[in-house]
Amino acid sequence: MKKYLGISLAGLVIIFGGYYLFFIQGSGISGFPIHPINESDNGYSFNKTDIAGNSSLPIPPLLEDKNPDPDKAEFHITAQNATKEFISGVETETMGYNGNYLGPVIRVRNGEDVSVQVENNLEDEITTIHWHGLEVDGDADGGPHSGIQPGESWTPEFTIDQPAATLWYHPHPEKNTGRQVYKGLAGLFFIEDEVSDSLDIPKEYGVNDVPLIIQDKQFNENGSFQYELGMHDVMNGLQGGTMLVNGAVDPYLEVPKGMMRLRLLNGSNASVYELHFSNNQTFYQIASDGGFLENPIEMDELILGPAERAEILVDFSNFKDGDTIQLSNKGSEFMKFVVNGESESNYAIPEQLTTIEKIDPDEAVRTREFVFQGMGPMVNINGKQMDMNRIDEFVDIHETEIWEVSNESGMGMMGGTVHPFHAHGVQFQIIDRDGNPPPLNETGWKDTFIVYPGEKVRAIATFNHSGVFMYHCHILEHEDAGMMGQFKVE
Ligand code: C2O
Ligand code: CU
Ligand code: CU
């Protein structure tokens, strides 16, 4: 073991040393910001008392629909610079949509015609707004081609054409997505439909249907966000030692003795979370990225990669007033539920949630291969880094394809790196992981899935929207470094 450690350390020195030289020469991949500092720590550790924590969980507001027509929705969103007090007495520079950190929840119905007026009030920087998980045409998708200049606005229009789901939105400007999301630009996007209406599950927003946007941050000693990428951050994406839920450090949520529905988003730049409750409280996952699962899946741990969502039902009815249940990531607690009072309604775990028509792999007209390769600044897909002027893959509209994604990145060195795969404008069904059926909570619609080192994941989808779309690793530092490509559907 000791010998093994010695060899690995020597390996690390060689690898990091190489990257260090690379950074010193300042030859980043086309403008990718690289700074040889803060190599592997998780940011400055503040005293618990310095942290403006132990506050009640902030609930993002629902965004007002300005169109009185029930079949149409019109929303206004502004991206802006702001400050927020995460550490007592310190204002941290942030970005937010209509506020100082994160954004409001956009809630629409399947079939609705939606327009969103997006204004860029950021100082001196381009942004875009991308609807992650939404099945719309490329020109409304908000990828890096839809840059909004400072002071300008962009008003995409689209019709919702997919089942109830918890999606999200975030900026996607070329090579600057990681930094803008890190500063706070992200929000949730809910779709409701007849199925979500008819299910007997909690659906009172902010009361028993509560979003949890989970992120981790590195703070500098002066309280600012640390987004100078050191070697560790370039390799693994930016991971931080301070967890935030809906923008709050260590918050609590009062819950009645009854059923709660939690809509979880891993809104981090890079971290994979392993979530569980203290006392090993079990819960039921009812939805994945693209909507309800067919049946609730009982579990006591949930693995959520960057950009993945899960809706879960948690039953607090067997607790007493004052009981506290902690939610933790890999054993470290970051928010608590404090039981208080009776619930107004009684819910049981539904037997069935929806039906999902399985796409038959025989319907696929082809299998397309995507291979994650390289490490650090060299990360790529199929040997290529993102080029805005190159379309990498051409897909015929309405055709069904199998996308086979393998992770050969950094293999043989330090055990490789996890990469979450995401494609725009489409929802997949996972066929298998290394030939084995996926875990039950991955048997519904997925727009993002983790691919572990050495693993091969096959997913199937029908491409019903035309235009140019991105596929990429959703570790945002990898995406910004070029681990992204473009496909055109026509
Ligand atoms: Cu969540 Cu290309 O994005
Ligand atoms: Cu997306
Ligand atoms: Cu990656």
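**Copper sites, a mixed sheet and nonpolar cores**

In the predicted model, the side chains of Ser409 and His419 are joined by a polar contact of 2.8 Å. Ser409 is located in the loop between β25 (400–407) and β26. The side chain of Ser409 also reaches the backbone oxygen of Gly374, at 2.6 Å. With residues up to four places away in sequence not counted, Ser409 touches Phe372, Gln373, Gly374, Gly416, Thr417 and His419. The relative accessibility of Ser409 is 1%, and the residue therefore counts as buried, the limit being under 20%.

His419, the partner of Ser409 in the 2.8 Å contact, is also a ligand of a metal. The copper ion (ligand 3) is coordinated by ND1 of His419, SG of Cys473 and ND1 of His478, at 2.0 to 2.1 Å. Along the chain, the donors of this copper ion follow the spacing H-x53-C-x4-H. The pair His419 and His478 links distant parts of the chain: His419 belongs to strand β26 (residues 419–423), whereas His478 belongs to helix α5 (residues 476–481), 59 residues apart. His419 and His478 are both buried.

A further copper ion (ligand 2) is coordinated by NE2 of His130 and NE2 of His422, at 1.9 Å. Here, too, the pair links distant parts of the chain, with His130 in strand β5 (residues 130–132) and His422 in strand β26, 292 residues apart. His130 and His422 are buried. Strand β26 thus holds a donor to each of these two ions, since His419 lies in β26 and coordinates ligand 3, while His422 lies in β26 and coordinates ligand 2.

An open sheet is formed by five strands in the order β13-β21-β20-β15-β18, and its pairing is mixed. The edges are occupied by β13 (252–257) and β18 (302–304); each has a single partner strand, so one side of each is left without a neighbour in the sheet. On average, neighbouring strands of this sheet are turned by 25° against each other, direction ignored. At the β18 edge, strand β15 (residues 273–277) pairs with β18 in the antiparallel sense over three bridges. Within these strands, Tyr273 stands opposite Leu304 of β18.

Strand β21 of this sheet also takes part in the packing of nonpolar side chains. The largest nonpolar core has 31 residues, and Leu212 and Phe337 are those with the most contacts inside it. Strand β21 (residues 332–342) gives the most to this core, namely four residues. Neighbours within four places in sequence left aside, Leu212 is in contact with Leu57, Val245, Asn246, Leu262, Arg263, Leu264, Leu265, Leu327, Met335 and Phe337. Another core, of 28 residues, lies apart from the largest one and includes Ala73, Met95, Val114 and Leu134.

Backbone torsions were examined as well. Most residues other than glycine have a negative phi. Lys175, which is not a glycine, has a positive phi of about 60°. Lys175 is placed in the loop between β8 (165–170) and α2 (177–183). With 31% relative accessibility, Lys175 counts as partly exposed. Asn279 likewise has a positive phi, near 60°, and lies in the loop between β15 and β16 (283–288). The relative accessibility of Asn279 is 59%, and the residue therefore counts as exposed, the limit being over 50%.

How values were computed:
Residues numbered from 1 in each chain as written. Chains lettered and ligands numbered in written order. Predicted model: local features only at pLDDT ≥ 70, side-chain atom pairs only at ≥ 80, totals over all residues. Heavy atoms only, no water. Donors = N, O, S within 2.8 Å, 3.2 Å for Na, K, Ca; no water. Buried < 20%, exposed > 50% of the residue type's maximum accessible area, 1.4 Å probe, protein only. Pairing = 2+ DSSP bridges. Axes fitted to C-alpha atoms, helices over the stretch in contact; angles between N-to-C directions. Polar contact = N/O pair within 3.5 Å; in protein donor to acceptor, adjacent residues only side chain to side chain. Contact = heavy atoms within 4.5 Å. Core = buried A, V, L, I, M, F, W, Y, C linked by side-chain atoms within 4.5 Å.
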